[in-house]
Amino acid sequence: MALTKQVLVLVGGVGGAKLALGLARQLPPEQLTILVNTGDDFWHYGLRICPDVDTLLYTLSGRVDPVNGWGLAGDSTIMLEALREYGEDTWFRLGDQDLATHVLRTHLLREGHTLTQVIGRLAGAMGVRPAVLPMSDAPVATMVDTLEAGELDFQTYFVRHRWQPTVRGIRYAGAAAATLPAAVAAAIDRAELILIAPSNPWLSIAPILAVPGLRAALLGRAVPRVAITPIVQGRAIKGPAAKMMQELGYSVTPATVAGYYGDVINGFVSDVQDAACRLQGLRTIAFDTIMKTDMDKMRLAQQVLDWIEGWA
Ligand code: FO1
């Protein structure tokens, strides 16, 4: 059944990009808006790197490296090798074609364009048609406080230290000074269905919810607001979610994730391996949430849309 509703999905990381792809394959582009985390963003060699934005755009345009889930398929690393010749530690793997994205983005930002405008330009050039909106045009940096190395910026924690340090706390630097972009406020206002992708709640979704006014705007929408679990059988599909949940003293279960989102959601999808969790005030269901192939992504997206369609 063709859904005629405006769908807004909150995404970050590789898991978020996968669900976004599934939704983009099932919905007309004018019905889908993707709100993406920018808490991973950082300055590197003077370039503004926006990993979750680029992972999303590369995935939606079919160009993402299928093994990593980030970067461009088949990209070369001549620039990195040249840097290594200069004695640099090339811990953050920037491909040569990927470099063009960072160079152009940095140039346009320095010319005074907003990140929202820059993403629109890049998305258009890549043939990505759903609206892709950053959670903020101002920088909001996810900072990870660790036992072994103190507070680290996100990429240093995630990539340089391969998310091995013990997490003691997380903060979103700059959130208080950020403002809700008009395009995001408008997208939330017109959303008739709001989804939270199976992204890391603390690292990919919480930064989005930390933008002033964003959480309240979501709560103001009396529509289905459904999260999909990033935790299956006590493990994360990819990345540090399960490890940091333990380190933060949480039980590694879908119910913990649903509880963490609290009243932001009124629906929750867990994996069939965990069966639907019974949580008061939440509509719950269990689907196969593991997305390996594009068919998996499309199937999960359609199952979630169909389930919610039946809520009325
Ligand atoms: N993740 C890594 O684990 N190692 C890398 O060298 C790396 C480089 C990289 C370059 C561009 C880009 O857009 C993403 C990149 N990522 C890398 C992923 C990045 O760390 C993201 O923040 C994660 O996908 C989590 O969202």
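Helices here are DSSP runs of H or I with at least four residues, numbered from the N terminus. With that in hand, let's work through a few exercises on this predicted model.

**Exercise 1. Which helices each supply at least two residues of the shell around the ligand, and which gives the most?**

Solution.
- Start with the shell as a whole: 14 residues surround the ligand, and the closest are Asp40, Asp52, Arg93, Gln155 and Val159.
- Next, look for helices that bring at least two residues each; these are α2 (51-60) and α6 (154-160).
- Finally, rank the contributions: α6 gives the most, with 4 residues.
- To round off the picture, sort the shell by class, and you will find 7 nonpolar, 2 polar and 5 charged residues.

**Exercise 2. Where does the ligand sit, and how much of its accessible area does the protein cover?**

Solution.
- Begin with the location: the ligand occupies the largest pocket.
- Now check the polar contacts, for which the cut-off is 3.5 Å between N or O atoms.
- The side chain of Asp52 places an N or O atom 2.6 Å from an oxygen atom of the ligand.
- With Trp70, a side-chain N or O atom is 3.5 Å from a nitrogen atom of the ligand.
- Arg93 takes part through its backbone, where an N or O atom lies 2.9 Å from a ligand oxygen atom.
- As for cover, the ligand on its own has 530 Å² of accessible area, and the protein covers 90% of it.

**Exercise 3. Which residue forms a salt bridge with Glu309, and which parts of the chain does the pair link?**

Solution.
- First, count the salt bridges in the structure: there are 10.
- Then pick out Glu309, whose partner is Lys5, with the closest N and O atoms 3.8 Å apart.
- That separation passes because the cut-off for a salt bridge is 4 Å.
- Last, place both residues: Glu309 belongs to helix α12 (residues 294-309), while Lys5 is in the segment before β1 (7-11).
- The pair thus joins distant parts of the chain, 304 residues apart.

How values were computed
Residues are numbered from 1 along each chain as its sequence is written. This is a predicted model: local features need pLDDT of at least 70, side-chain atom pairs count only at pLDDT 80 or more; totals for chains, interfaces and linings use all residues. Side-chain values use heavy atoms; hydrogens and water are left out. A residue is near a molecule or strand if one of its heavy atoms lies within 4 Å of it. A polar contact is a pair of N or O atoms within 3.5 Å; within protein, one must be able to donate a hydrogen and the other to accept it, and residues adjacent in sequence count only if both atoms are side-chain atoms. Accessible areas come from the Shrake-Rupley method with a 1.4 Å probe; for residues, only the protein chains shown count as cover. On a 1 Å grid over the protein atoms alone, a cavity is a set of points where a 1.4 Å probe fits but cannot get out, and a pocket is an open set with protein on both sides within 12 Å along at least five of seven lines; lining residues have an atom within 4 Å of a point. A molecule sits in a cavity or pocket if more than half of its atoms lie within 2 Å of its grid points. Ala, Val, Leu, Ile, Met, Phe, Trp, Tyr, Cys and Pro count as nonpolar, Asp, Glu, Lys and Arg as charged, and the others, Gly among them, as polar. A salt bridge is a side-chain nitrogen of Lys or Arg within 4 Å of a carboxyl oxygen of Asp or Glu.
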